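Here are a few notes to help you find your way around this one. Have a look at it first, then read on.

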Amino acid sequence: MKSVIKSMIRWSATLGVVGSTIIGTTTMGALEVLALPEQQILQKLGPVPMFTITDNKGAPLVASVPDQKDKSGVAGVFINRQDAQAFIDRLKQKNPELAKNVRVVPVSLAEVYKLEQTNKKKPNSPNFAFVPGQQQVDAAKTLLQQSGQKPEQFKGTPLFVAKAGKEKGYLTIKQADQQVIPFFFNKTELQAMLERFKKQKPDLASTIEIQVVNLEGVLQAMQTRNDQGLSQIVLVPPKESIDFVRSLQPAAPNQPAKKP
């Protein structure tokens, strides 16, 4: 939990992406050929809150996987806190003894990434599997269907990004004097930003296109080749996740504590 509190300022700052000034579009290479040095990867993932299920000692809850040779098991990493809590609620019905000793714990995506990299070198260490919200998965499949692709081919955790203009460049915003490309975990929040974009640049409104990629593919791309184009990408967590993490931040002196 201490590491979560230390990351609070970074997580809170990420919310500024949504209110940033939209400045235009940019083109870059296909995601499959992009990469970043590991330190930059961690800097990008640090502001993104995820949610895990742990026991009272802080160890992640690991589920066994049938037919898995190494018997290491899988630990779920939830994108949404509500989904993690719903998992515990179901566990209370199936295994109340186990459920009373577990809880939902926020953790940064950077910490998940580091653990995953470390576990690759350790035999029988648990793997991590992202658990996206069903609503966002459905939204991703609908987008694919509308573009003539097969929705059942989509796997993983959806990320939504917008393109616009004749060249279909990625929509960019200004953050800390830099031009960045926001990739949203929540399609509705991206659409809210697009409504602002349409007002700012009505001549490009008809050219807007929402693309869906998966988080797993983006993380893999970060580790492959050395192309600094990826440095423009900013992952935008769900607003609910940011609000919850902010509620855990200690109140300033003479200020009332924030309610969860």
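Which residues are exposed on the other side of α3? Point 2 has them.

1. Some ground rules. This is a predicted model, so local features need pLDDT of at least 70 and side-chain atom pairs count only at pLDDT 80 or more, while totals for chains, interfaces and linings use all residues. Residues are numbered from 1 along each chain as its sequence is written, and side-chain values use heavy atoms, with hydrogens and water left out.

2. Start with helix α3, residues 38-45 (helices are DSSP runs of H or I, at least four residues; strands are runs of E, at least two; both are numbered from the N terminus). Its buried residues are I41, L42, K44 and L45. They cover an arc of only 160 degrees around the axis, which puts them on the same side of α3; the arc is that of the directions from the helix axis to the C-beta atoms. Q39 and Q43 are the exposed ones, on the other side. Buried means under 20% relative accessible area, exposed over 50%, and partly exposed in between, with a 1.4 Å probe and protein chains only.

3. What sits over that buried side? The cover includes β5 (102-108), α6, α9 (215-222) and β11. Contact here means heavy atoms within 4.5 Å.

4. Now β5 itself: 5 of its 7 residues are buried, so β5 is largely enclosed by the rest of the structure. Strand β2 (residues 49-55) pairs with β5 in the antiparallel sense over 7 bridges, and F51 has P106 in β5 as its bridge partner. Two strands pair if DSSP finds at least two bridges between them.

5. Strand β11 (residues 233-236) is covered on both faces: I233 and L235 are buried on one side, V234 and V236 on the other. In general, the side chains of a regular strand alternate between the two faces of the sheet. Strand β9 (residues 178-184) runs parallel to β11 and is joined to it by 4 bridges, with F184 partnered to V236.

6. Back to α6 (residues 109-119), where you'll find N119. N119 is buried, with a relative accessible area of 16%. A polar atom of the N119 side chain lies 3.0 Å from the backbone oxygen of P126. Leaving aside residues up to four places away in sequence, N119 touches S125, P126 and F128.

Note on methods:
A polar contact is a pair of N or O atoms within 3.5 Å; within protein, one must be able to donate a hydrogen and the other to accept it, and residues adjacent in sequence count only if both atoms are side-chain atoms.
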